[in-house]
Amino acid sequence: MKVVVQRVKKARVLVENKVFSEIKKGYLVLVGFCQDDTQEKVLKMADKLTNLRVMADENGKMNYNLIQTKGEILVVSQFTLCADTSQRRPSFILAMKEEEAKKLYLLFIDELKKRGLTVKTGKFGNYMEIELINDGPVTIILEK
């Protein structure tokens with residue numbers, strides 16, 4: 001499971017040139033599920049993301065998590081994170097099959113919500129355009 005977390009001032013997903021979902025301050029989370037991922041990994045990643053302290057405190061230091069700042073999460077599935085880039089043309093055979101990945105994607109979203117986070121999503125399996133204003137910029141890569 002690979003997760004790219006970008007701290008944003010705002011972000012939104014467009015599908016067919018229409019806004020599908022959007023958030024104000026918080027995290028844009030790109031998540032890729034690889035063949036060896038499990039429900040246990042998803043639960044651990046949800047916990048890790050919930051407790052990640054990269055939101056600014058009153059002194060501008062990365063001290064707070066999303067709950068403390070009332071931030072939101074926009075979760076977008078991105079199988080290309082599991083790419084094998086050892087050759088010039090990326091191979092995606094390490095990415096989990098769509099049906100299984102969708103189950104873990106939905107589990108991940110549910111687990112974030114159970115932890116008290118406000119979660120918006122992309123449209124799984126669809127072509128999307130992502131717009132964001134990165135805050136910092138702060139980008140963190142999490143792997144489990």
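This is a chat about a predicted model, covering its strands, cores, largest pocket and a few unusual backbone spots.

Student: Before we start, what are the ground rules for this model?
Tutor: It's a predicted model, where local features need pLDDT of at least 70, side-chain atom pairs count only at pLDDT 80 or more, and totals for chains, interfaces and linings use all residues. Residues are numbered from 1 along each chain as its sequence is written, and side-chain values use heavy atoms, with hydrogens and water left out.

Student: OK, strand 1. Which way does it run relative to strand 8, and how many bridges join them?
Tutor: They run antiparallel, with 12 bridges between them. Two strands pair if DSSP finds at least two bridges between them. Strands here are DSSP runs of E with at least two residues, helices are runs of H or I with at least four, and both are numbered from the N terminus.

Student: Which residue in strand 8 is the bridge partner of alanine 11?
Tutor: That's leucine 132.

Student: And what about strand 3?
Tutor: Strand 1 is antiparallel to strand 3 too, through 7 bridges. Valine 4 stands opposite leucine 30 of strand 3.

Student: How many residues of strand 1 are buried?
Tutor: 10 of its 14, so the strand is mostly covered. Buried means under 20% relative accessible area, exposed means over 50%, and partly exposed is in between, using a 1.4 Å probe and protein chains only.

Student: What do strand 1 and strand 2 form?
Tutor: A hairpin, with 2 residues between the strands. The two strands run antiparallel and share 5 bridges. Valine 15 has lysine 18 as its bridge partner, and leucine 14 has valine 19.

Student: Anything odd in that turn?
Tutor: Glutamate 16 has a phi near 55°, which is positive even though the residue isn't glycine. Most residues other than glycine have a negative phi, and most peptide bonds are trans. Glutamate 16 lies in the loop between strand 1 and strand 2.

Student: Is glutamate 16 buried or exposed?
Tutor: Exposed, because its relative accessible area is 70%.

Student: Where else should I look for backbone oddities?
Tutor: Try lysine 70, also not a glycine, with a positive phi of about 55°. Lysine 70 is in the loop between helix 2 (66-69) and strand 6, and counts as exposed because its relative accessible area is 73%. Then there's a cis peptide bond from glycine 136 to proline 137, with omega near -5°. Proline 137 belongs to strand 8.

Student: Switching to the inside. Which residues touch the most other members of the largest nonpolar core?
Tutor: Tyr27, Phe33, Leu49, Ile73, Val75, Phe108 and Leu112, out of 29 residues in that core. The elements giving two or more residues to this core are strand 1 (2-15), strand 3, helix 1 (39-51), strand 6, helix 3 and strand 8 (129-143). Helix 3 supplies the largest share, 6 residues. A nonpolar core is a set of buried Ala, Val, Leu, Ile, Met, Phe, Trp, Tyr and Cys residues joined through side-chain atoms within 4.5 Å.

Student: What does leucine 49 touch?
Tutor: Leaving out residues up to four places away in sequence, leucine 49 touches Val5, Tyr27, Val29, Ile73, Phe108, Leu112 and Leu142. Contact means heavy atoms within 4.5 Å. There's also a second, separate core of 11 residues, which includes Val15, Ile23, Leu28 and Leu30.

Student: Now the largest pocket. What's its volume?
Tutor: About 390 Å³. On a 1 Å grid over the protein atoms alone, a pocket is an open set of points with protein on both sides within 12 Å along at least five of seven lines, and lining residues have an atom within 4 Å of a point. Grid points are joined across faces, edges and corners, and the volume is the space filled by probe spheres set on the points.

Student: Which residues are closest to its centre?
Tutor: Ser77, Gln78, Phe79, Thr80 and Gly125, of the 19 that line the pocket. Strand 3 gives the largest share of the lining, 3 residues.

Student: Tell me about serine 77.
Tutor: Serine 77 is in strand 6 and counts as buried because its relative accessibility is 16%. Setting aside residues up to four places away in sequence, serine 77 touches Val31, Tyr105, Phe124, Gly125 and Met128.

How values were computed
1 Å grid on protein atoms, 1.4 Å probe; cavity = no way out; pocket = protein on both sides within 12 Å on 5 of 7 lines; lining within 4 Å.
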